[in-house]
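This briefing concerns a single protein model and is meant to be read with the sequence and the coordinates at hand. Please go through the topics below in order, checking each named residue against the display.

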Amino acid sequence: MDPLAQFKAGQRAGWAHFAPLQAGTTVPAARLVQFAGLQSGQRVLDVACGTGVVAVTAARRGAAVTGLDLTPELLAVARENARIAAVDIDWHEGDVEELPFASAAFDAVVSQFGHIFAPRPAVAIGEMVRVLKPGGTLAFSTWPPELLVGRMFTLTAGYMPPPPLPVPSPVLWGDVAVVRERLGDAVRDIVFERPTAQFVALSIAHQREAVEHNAGPIRALVETLSAADPERLARYRREHEALIADYFADNIVHQGYLMTRAVKR
Ligand SMILES: C[S@@+](CC[C@H](N)C(=O)[O-])C[C@H]1O[C@@H](n2cnc3c(N)ncnc32)[C@H](O)[C@@H]1O
């Protein structure tokens, strides 16, 4: 398999277990829908939609929503979420780096903690902008490198074997200077907001376990280390828990993030 396909197969396998973490991304989904100003009648694409928390929230507002994700197990949960909420959504298994849609097909393109995992940021954002109509809204939520999730991804990367091809860290999408540079002159009127997501956890170890079981790259690392190097795994877990401790209070893990909104030229 070529390294790009190998990387994406790894992503697809890793994210298959993400569904329980939708408990933490459901409230941010409503914030992103509000921030993007999604309205009834708009054609909206939710990229890397996972279990469809953003897509379903937008559809409940009356938008005509399409959801796309790499991982079939999550799309199965997304379909079930749409059935329960009694909304109709056009689901697609696919890759943000190769969107199966016509240019200018959507009034809004959104992604919550999703497109950041594409290995080629320029290709991913190029596709998201391509399928957006001129004057349409681009909006996404990302993890800044200096806050909990960003620091956790950086910590994890230090323990992982090198990926099959050089991939920029997903947390670069949480740096406003990088976001501006990557959006370039394809868009105007860039606006940022810095909300905090609250993940409920009974203890610091509960949060660590939830992440280990359900978040793609971390799950893969823990599986590898538990077989190959238990001592290194124990060190990683200590460092991860020390990180979480900085953000844990009242049984809530406070996870600051960045929202970006812009208008396509
Ligand atoms: C952290 S989850 C976020 C899911 C959802 N947007 C949410 O907020 O709950 C990351 C998602 O990105 C998807 N993903 C990763 N790489 C992708 C790619 N190249 N194209 C499409 N989806 C991708 C994964 O399958 C997973 O559903």
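Helices here are DSSP runs of H or I with at least four residues, and they are numbered from the N terminus. On that footing, Glu212 and Arg208 both belong to helix α8, where they stand four residues apart, about one turn of the helix. The model is a predicted one, and the points below take up its salt bridges, its enclosed and open spaces, a buried loop residue, a small sheet and the packing of one helix.

**Salt bridges**

- The structure contains 13 salt bridges, and Glu212 takes part in one with Arg208, in which the N to O distance between the side chains is 2.9 Å.
- Glu212 counts as buried because its relative accessibility is 4%, and Arg208 is likewise classed as buried because its value is 9%, where the cut-off for buried is under 20% relative accessible area.
- The side chain of Glu212 also meets that of Arg237 in a salt bridge, at 2.8 Å from N to O, and this pair links distant parts of the chain, with Glu212 in helix α8 and Arg237 in helix α10, 25 residues apart.
- Arg237 has a relative accessible area of 28%, so this residue is partly exposed.
- In helix α9, Arg219 and Glu223 are four residues apart, about one turn of the helix, and they form a salt bridge whose closest N and O atoms are 3.4 Å apart.
- Glu223 has a relative accessibility of 49% and is therefore counted as partly exposed, since exposed would require over 50%.
- Lys8, Asp95, Glu97 and Arg120 are joined into one network by salt bridges that share partners.

**The cavity**

- Which residues lie closest to the centre of the largest cavity? They are Trp15, Phe18, Phe113, Gly114 and Phe117, out of 39 residues that line this cavity.
- The structure holds one cavity of 30 Å³ or more, and the volume of the largest cavity is about 650 Å³.
- At least two lining residues come from each of α1 (3-15), α3 (53-60), β2 (64-69), α6 (148-159), α8 (204-214) and α10 (230-245), and α6 contributes the most, with four residues.
- Sorted by class, the cavity lining consists of 25 nonpolar, ten polar and four charged residues.

**The largest pocket**

- The largest pocket encloses about 790 Å³ of space, and among the 32 residues of its lining those nearest the centre are Phe7, Gln11, Met160, Pro163 and Pro217.
- Two or more residues of this pocket lining are given by each of α1, α6 and α9 (216-228).
- The lining of the largest pocket divides by class into 20 nonpolar, ten polar and two charged residues.

**A buried loop residue**

- Thr71 sits in the loop between β2 and α4 (72-85), and this residue counts as buried because its relative accessibility is 1%.
- Apart from neighbours within four places in sequence, the contacts of Thr71 are Gln11, Arg12, Trp15 and Ala16.
- Two of these contact residues return in the linings described above: Trp15 is among the residues closest to the centre of the largest cavity, while Gln11 is among those nearest the centre of the largest pocket.

**A three-stranded sheet**

- What is the strand order of the open sheet of three strands? The order is β7-β9-β8, and the pairing is antiparallel.
- β7 (196-200) and β8 (248-249) are the edge strands, each of which pairs on one side only.
- β8 pairs with β9 (residues 252-256) in the antiparallel sense over two bridges, and Phe248 has Val253 of β9 as its bridge partner.

**Packing around helix α5**

- In helix α5, which covers residues 121-130, the buried residues are Pro121, Ala124, Ile125, Glu127, Met128 and Val129.
- These buried residues of α5 pack against the strands β1 (43-47), β4 (106-112), β5 (132-142) and β10 (258-264), and also against helix α7 (176-183).

Methods: Residues are numbered from 1 along each chain as its sequence is written. This is a predicted model: local features need pLDDT of at least 70, side-chain atom pairs count only at pLDDT 80 or more; totals for chains, interfaces and linings use all residues. Side-chain values use heavy atoms; hydrogens and water are left out. On a 1 Å grid over the protein atoms alone, a cavity is a set of points where a 1.4 Å probe fits but cannot get out, and a pocket is an open set with protein on both sides within 12 Å along at least five of seven lines; lining residues have an atom within 4 Å of a point. Grid points are joined across faces, edges and corners, and a volume is the space filled by probe spheres set on the points. Ala, Val, Leu, Ile, Met, Phe, Trp, Tyr, Cys and Pro count as nonpolar, Asp, Glu, Lys and Arg as charged, and the others, Gly among them, as polar. Buried means under 20% relative accessible area, exposed over 50%, partly exposed in between (1.4 Å probe, protein chains only). Contact means heavy atoms within 4.5 Å. Two strands pair if DSSP finds at least two bridges between them. A salt bridge is a side-chain nitrogen of Lys or Arg within 4 Å of a carboxyl oxygen of Asp or Glu.
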